[in-house]
Amino acid sequence: MPTFTRWCIKTAFVYFAVAVVVFAALLWSQVMTLPPVVAALRPVAYHLLMVGWASQLIFGVVFWMFPRFSKQSPRGNERLAWYVYAALNLGLVLRVLAEPLQTINPAPLWGWLLVASGLLQVSAGWVFVWNSWARVKPLGGAAGGK
């Protein structure tokens, strides 16, 4: 298993565990009064689950399991893959910090951190697609997949 894949999968597991804890806190807040920041964590929980867990797990497995790009560069550009990892995770961490702060205490700084978060995550997604696109090949190498 490539190092990049191991990092993606292990990081995805961490985000999954954190998302479960956040969702548990959200459920607990239904029966007990908790600080307002807990209610502000709802979008964070979904981002942890969909970006941190699902997307990152998929990125790691795709990098590992898709057909070779070439003999010289079997998984595409590994430097781009590491950019994807860094941008996706930095964007997610910024979101986890800025989203609840913007909800409970709106300020331009938190808004700009959310913009930066979104740009990092979107760029990670596009770079991942761009780096992986050529690895999607027809069965048997025949034109049109037939």
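A helix here is a DSSP run of H or I that is at least four residues long, with helices numbered from the N terminus. A24 sits in one of these, helix α1. Keep in mind as you look around that this is a predicted model. Below is a quick tour of its cavity, its salt bridge, a surface patch and a couple of residues in α1.

**The cavity**
- If you go hunting for enclosed space of 30 Å³ or more, you'll find one cavity.
- The space inside the largest cavity comes to about 40 Å³.
- Which residues line the largest cavity? They are F4, F63, R75, A81, V84, F128, N131, S132 and R135.
- Sorted by type, that lining has five nonpolar residues, two polar ones and two charged ones.
- Two helices, α4 (78-104) and α5 (108-132), each give at least two residues to the lining.
- Helix α5 makes the largest contribution, with three residues.

**The salt bridge**
- How many salt bridges does the structure hold? Just one.
- R95 and E99 are the partners, and their side chains meet at 2.8 Å, going from N to O.
- Side chains of opposite charge can pair when their charged atoms come close.
- Now look at where the partners sit: R95 and E99 are four residues apart in helix α4, so about one helical turn separates them.
- Are these two buried or exposed? R95 has a relative accessibility of 18%, so it counts as buried, because the cut-off for buried is under 20%.
- E99 is buried as well, with a relative accessible area of 12%.

**A nonpolar patch on the surface**
- Four residues, M1, V61, W64 and M65, make up a nonpolar patch on the surface.
- Together they have about 370 Å² of accessible area.
- To find W64, follow helix α3, which covers residues 42-65.
- W64 has a relative accessible area of 31%, so it is classed as partly exposed; that class runs between the 20% limit for buried and the 50% limit for exposed.

**Two residues in helix α1**
- W7 belongs to helix α1, which spans residues 3-28.
- With 47% relative accessibility, W7 counts as partly exposed.
- Along the chain, W7 and Y85 are 78 residues apart, yet their C-alpha atoms are separated by 8.6 Å.
- Back to A24, also found in helix α1: A24 is partly exposed, at a relative accessible area of 44%.
- What separates the C-alpha atoms of A24 and P138? The gap is 44 Å, for two residues 114 apart along the chain.

Technical notes
Residues numbered from 1 in each chain as written. Predicted model: local features only at pLDDT ≥ 70, side-chain atom pairs only at ≥ 80, totals over all residues. Heavy atoms only, no water. 1 Å grid on protein atoms, 1.4 Å probe; cavity = no way out; pocket = protein on both sides within 12 Å on 5 of 7 lines; lining within 4 Å. Points joined across faces, edges and corners; volume = space filled by probe spheres on them. Nonpolar A, V, L, I, M, F, W, Y, C, P; charged D, E, K, R; others polar. Patch = residues over 30% accessible without salt bridge, like charges linked within 9 Å, V, L, I, M, F, W, Y side chains within 5 Å. Areas by Shrake-Rupley, 256 points an atom, 1.4 Å probe, with all protein chains shown as cover. Buried < 20%, exposed > 50% of the residue type's maximum accessible area, 1.4 Å probe, protein only.
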